[in-house]
Amino acid sequence: MFEDKIKRIISQLDNAIEIAKATSVQTIFGESTSRIFDKGKDKYNNQIGEYNPNFELNGENYIEKRKKKGLQTAFVDLTFTTSLNKSIVADKTKIFFNNTYGEVISKANEKNFNKRIFAPSKEEKNIFYKILNQELNKLWK
């Protein structure tokens, strides 16, 4: 009886890992994009930065440009055109930039703000372990 249960668990282990991975990637994707683009936080959950009140873009004050578009100006959220946000995608195994624009702009922002922004936070990494643990617990029942 116990031996049969162990064999069943072993036979379903790879499946449980794949389910956990796919579920985790989608959950981490949602959490990380919210952290970056809604809350304006880096991988350590610190604010990315504040908008410089003297910064001009194409001869116009950037904060005023943001306000005209109805965007918040209290903290940097890397959202102006949504092009960067839309360049981040996820499949069943990973989160990645689907174009050169995302790769270049993300690196430029990390360099400009001297912050790790696009790497997963500790909490986001722990999502995989939590979901994997849930899937493994299902096997024991």
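Helices are DSSP runs of H or I with at least four residues, strands are E runs with at least two, and both are numbered from the N terminus. The model in these exercises is predicted.

**Exercise 1. Two helices side by side**

Task: Work out how the directions of α1 and α5 relate to each other.

Solution:
- Step 1. Locate the helices. α1 covers residues 2–37, and α5 covers residues 122–140.
- Step 2. Read the geometry. The two helices pack at about 150°, and their axes lie 7 Å apart.
- Step 3. Apply the cut-off. An angle over 145 degrees counts as roughly antiparallel.
- Step 4. Conclude. α1 and α5 are therefore roughly antiparallel.
- Step 5. Add the handedness. The crossing of α1 past α5 is right-handed.
- Step 6. Sort the contact residues by class. Between α1 and α5 there are 15 nonpolar, 5 polar and 7 charged residues.

**Exercise 2. Three glutamates**

Task: For Glu135, decide between buried and exposed. Then place Glu31 and Glu18 on the scale of accessibility.

Solution:
- Step 1. Find Glu135. This residue sits in helix α5.
- Step 2. Use the cut-off. Buried means under 20% relative accessible area. Glu135 has 11%, so it counts as buried.
- Step 3. List its partners. Beyond four places in sequence, Glu135 contacts Ala16, Ile19 and Ala20.
- Step 4. Turn to Glu31. It belongs to helix α1. Its relative accessible area is 43%, so Glu31 is partly exposed.
- Step 5. Check the contacts of Glu31. Setting aside neighbours within four places in sequence, they are Glu124 and Ile127.
- Step 6. Measure along the chain for Glu31. Lys5 is 26 residues away in sequence, and the two C-alpha atoms are 36 Å apart.
- Step 7. Finish with Glu18. This residue is also placed in helix α1. At 42% relative accessibility, Glu18 is partly exposed.
- Step 8. Compare sequence and space for Glu18. Leu132 is 114 residues away along the sequence, yet the C-alpha atoms are 9.1 Å apart.

**Exercise 3. Ile63 and the nonpolar core**

Task: Which residues make up the largest nonpolar core? Describe the setting of Ile63 as well.

Solution:
- Step 1. Place Ile63. Its helix is α2, residues 62–68.
- Step 2. Test burial. The limit for buried is under 20%. Ile63 has 13% relative accessibility, so it is buried.
- Step 3. Name the contacts. Outside a window of four places in sequence, Ile63 touches Tyr51, Asn52, Pro53 and Thr73.
- Step 4. Check one distance. Ala74 is 11 residues from Ile63 along the chain, and their C-alpha atoms are 9.4 Å apart.
- Step 5. List the core. It has 12 residues: Ile36, Phe37, Ile48, Tyr51, Tyr62, Ile63, Val76, Leu78, Leu84, Ile88, Ile117 and Phe118.
- Step 6. Ask which helices contribute. At least two residues of this core come from α1, and at least two come from α2.
- Step 7. Look beyond this core. Another one, of 5 residues, lies apart from it and includes Ala20, Ile28, Ile127 and Leu132.

**Exercise 4. Positive phi in the loops**

Task: What is the phi of Asn58, and what is the phi of Thr82? Then say where each residue lies.

Solution:
- Step 1. Take Asn58. Its phi is positive, about 55°, although the residue is not a glycine.
- Step 2. Locate Asn58. It is in the loop between β1 (56–57) and β2 (60–61).
- Step 3. Judge accessibility. The cut-off for exposed is over 50%. The relative accessible area of Asn58 is 71%, so Asn58 is exposed.
- Step 4. Take Thr82. Its phi is near 70°, again positive in a residue other than glycine.
- Step 5. Locate Thr82. It lies in the loop between α2 and α3 (83–86).
- Step 6. Judge accessibility. Thr82 has 31% relative accessibility, so it counts as partly exposed.

Definitions and conventions: Residues are numbered from 1 along each chain as its sequence is written. This is a predicted model: local features need pLDDT of at least 70, side-chain atom pairs count only at pLDDT 80 or more; totals for chains, interfaces and linings use all residues. Side-chain values use heavy atoms; hydrogens and water are left out. Axes are lines fitted to C-alpha atoms, for helices over the stretch in contact, and angles run from 0 to 180 degrees between N-to-C directions. Angles under 35 degrees count as roughly parallel, over 145 as roughly antiparallel, 65 to 115 as roughly perpendicular and the rest as oblique. A crossing is left-handed if the near helix is turned anticlockwise from the far one by less than a right angle, and right-handed if clockwise. Ala, Val, Leu, Ile, Met, Phe, Trp, Tyr, Cys and Pro count as nonpolar, Asp, Glu, Lys and Arg as charged, and the others, Gly among them, as polar. Buried means under 20% relative accessible area, exposed over 50%, partly exposed in between (1.4 Å probe, protein chains only). Contact means heavy atoms within 4.5 Å. A nonpolar core is a set of buried Ala, Val, Leu, Ile, Met, Phe, Trp, Tyr and Cys residues joined through side-chain atoms within 4.5 Å.
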